[in-house]
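Colleague: Got a minute to walk me through this fold? I'd like the reasoning along with the numbers.

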Amino acid sequence: KEIRKYSRKKNELARMKVTYFYKITDIILISLLILSSGGLLFVFNRNICYAIFLGALLLAVLFSKDKLKTREVYSALLTSFTILFLFYINYIFAISTQTINKYAYYFIVCTVSILTLLYFRNNKKKDIFINRLYFVLKIVLFHAGLNFFAYFFIKNNLSTISSISNDYETFFNIFFYVPKKCLVSVFGLEFCRNQGLFWEPGILQAFLNILFFLEAFIIKKSKALLIIIGFVILTTYSTTGLSILLLQGIVYIHNEFKKNKLLFLLIVSALIPIYLILQVNVQDKVQGEKEASFQKRFFDLTQPFYIALENPITGIGLDSEQFQKLREEFYFTSSTLDYIHNQTGLGLKVSVTDKGSSNSIMFLLAATGFPTTILFIYMFFKQQIIKDKRWLWMIIIIISVMSEPLLLRPFFFIFIVSGFMSFYQKMITHKQQLL
């Protein structure tokens, strides 16, 4: 009996170790997935970080404790072939010479997105991906909270690190800031907009709003956590972030109204300062000192569309550098400017730019043309990762990728991949049933 008891305990301990190992593996993969979509770690070490990410994914898939399902593998292969074929067509028919390195990058994005989804779909419980994402995003939240408050104590002890596109102030590569661009004053309080582990506050708000969605509508563990998330989103001082937070707050109020009247009043009270800060933010960007930011986003919404109209089938090519060169030479006619003003009531004050597009959907449209973009967006909406409150989830993600260049980054591209894999999986299942 003692031998059997010892053997059972030994087996249980071994199973616990295996479970713990795979949990750590899941968390590492989700962390890399998030950081590859706007994290400064990948900004400064892109090649080596993607190599580590890809290597970790290959090992995780190949040595998974569960045998790979044939149906999952086939759907992943068909998805890979479809997306890479579309990229190849885009490369061949691009209107200017494209850099092969840019397409190699999109190949890596496609590969890590497919492998990540394959790993989590293969004999994993359906909520494992969401639970691991929830856990990692809470770590992102914790760091962002520290990042905001730490600035007031360490702002005189920061060192500069430089990337190709920007200079960042850092405290031992733990906390990151861009005081030259992100110092703001709201109701007399001056602070540096919170960007957390990412290159821009707008990216941090996107992930924090995703965390708010998961907590409010899926996990539903802690109402106090919602308040903390809301506060940290406020520290990003992002127009998009505040708008999405306000929308989620209204939906949450609607859901909770019948359950708890006191909670309803508390949430309404919490939303009032968010609305007031958002109002100040919007006025500042539309007519105030930050008008250039609004004009840039408005320009990024309109100009790529007109570029796509001139290259509707295959677009101009996915090479972002060639896209920027074309933007320098692409001018609106006066009649087009008048039409935009008449339709929107807004004057377009930016006539040309050599910068990339902050609107990743419109960039995709100009780069790949209408057929590919429509197919990608359709698959984006057909994703099977988040099914609860799908309409709200899609609004959050669509607004996020239309305000930041995120759609062709692994975390967001994985939703396009999900649509493709689900489509092919249904097709394979239907074929097997016929046979």
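Modeller: Sure, here is a run of questions and answers on this predicted model.

Colleague: Let's start with cysteines: how many disulfides does a search of the whole structure find?

Modeller: A disulfide needs two cysteine sulfur atoms within 2.5 Å. For Cys 182, the nearest cysteine sulfur is that of Cys 192, 5.4 Å away, so with that cut-off Cys 182 is in no disulfide. Searching the whole structure gives a count of zero.

Colleague: And is Cys 182 buried or exposed?

Modeller: Buried means under 20% relative accessible area. Cys 182 has 7% relative accessibility, so Cys 182 counts as buried.

Colleague: Thr 79 caught my eye; which residues does Thr 79 touch, leaving out those up to four places away in sequence?

Modeller: Thr 79 sits in helix H4, residues 70-92. Its relative accessibility is 0%, so Thr 79 counts as buried. Not counting residues up to four places away in sequence, the ones Thr 79 touches are Ile 114, Val 417, Phe 420, Met 421 and Tyr 424.

Colleague: On to helix packing: are H8 and H10 roughly parallel or roughly antiparallel?

Modeller: Helix H8 covers residues 201-219 and helix H10 covers residues 239-256, and their axes come within 10 Å. Those axes cross at roughly 5°. Angles under 35 degrees count as roughly parallel, so H8 is, with respect to H10, roughly parallel.

Colleague: What is the make-up of the contact of H8 with H10, in nonpolar, polar and charged residues?

Modeller: From H8 come Gln 205, Asn 209, Phe 212, Phe 213, Ala 216 and Phe 217. H10 brings several residues, among them Ile 244, Leu 245, Val 251 and Tyr 252. Split by kind, the contact has eight nonpolar, six polar and no charged.

Colleague: Now the sheet: which strands stand at the edges?

Modeller: Three strands make an open sheet, in the order S1-S2-S3, with antiparallel pairing. An edge strand here has a single partner strand, so one side of it is left without a neighbour in the sheet. That describes S1 (159-162) and S3 (175-177).

Colleague: How many bridges join S2 to S3?

Modeller: S2 spans residues 167-171 and runs antiparallel to S3. Phe 171 has Phe 175 as its bridge partner in S3, and Thr 170 has Phe 176. The number of bridges joining S2 to S3 is three.

Colleague: On the other side, what is the bridge partner of Ile 161 in S2?

Modeller: S1 and S2 pair in the antiparallel sense over four bridges. A hairpin of four residues joins S1 to S2. Within S2, the bridge partner of Ile 161 is Tyr 168.

Colleague: Which helix lies across S2 and S3?

Modeller: The helix in question runs at about 70° to S3 and covers residues 128-154. This is helix H6.

Colleague: Backbone next: Asn 173 has a positive phi, so is Asn 173 buried or exposed?

Modeller: Asn 173 has a phi of about 55° although it is not a glycine. Asn 173 is placed in the loop between S2 and S3. With a relative accessible area of 53%, and exposed meaning over 50%, Asn 173 is exposed.

Colleague: And Tyr 237, buried or exposed?

Modeller: Tyr 237 also is not a glycine, yet has a positive phi of about 50°. Its place is in the loop between helix H9 (223-236) and H10. The relative accessible area of Tyr 237 is 7%, so Tyr 237 is buried.

Definitions and conventions:
Residues numbered from 1 in each chain as written. Predicted model: local features only at pLDDT ≥ 70, side-chain atom pairs only at ≥ 80, totals over all residues. Heavy atoms only, no water. Buried < 20%, exposed > 50% of the residue type's maximum accessible area, 1.4 Å probe, protein only. Helix = DSSP H or I, 4+ residues; strand = E, 2+ residues; numbered from the N terminus. Contact = heavy atoms within 4.5 Å. Axes fitted to C-alpha atoms, helices over the stretch in contact; angles between N-to-C directions. Parallel < 35°, antiparallel > 145°, perpendicular 65-115°, else oblique. Nonpolar A, V, L, I, M, F, W, Y, C, P; charged D, E, K, R; others polar. Pairing = 2+ DSSP bridges.
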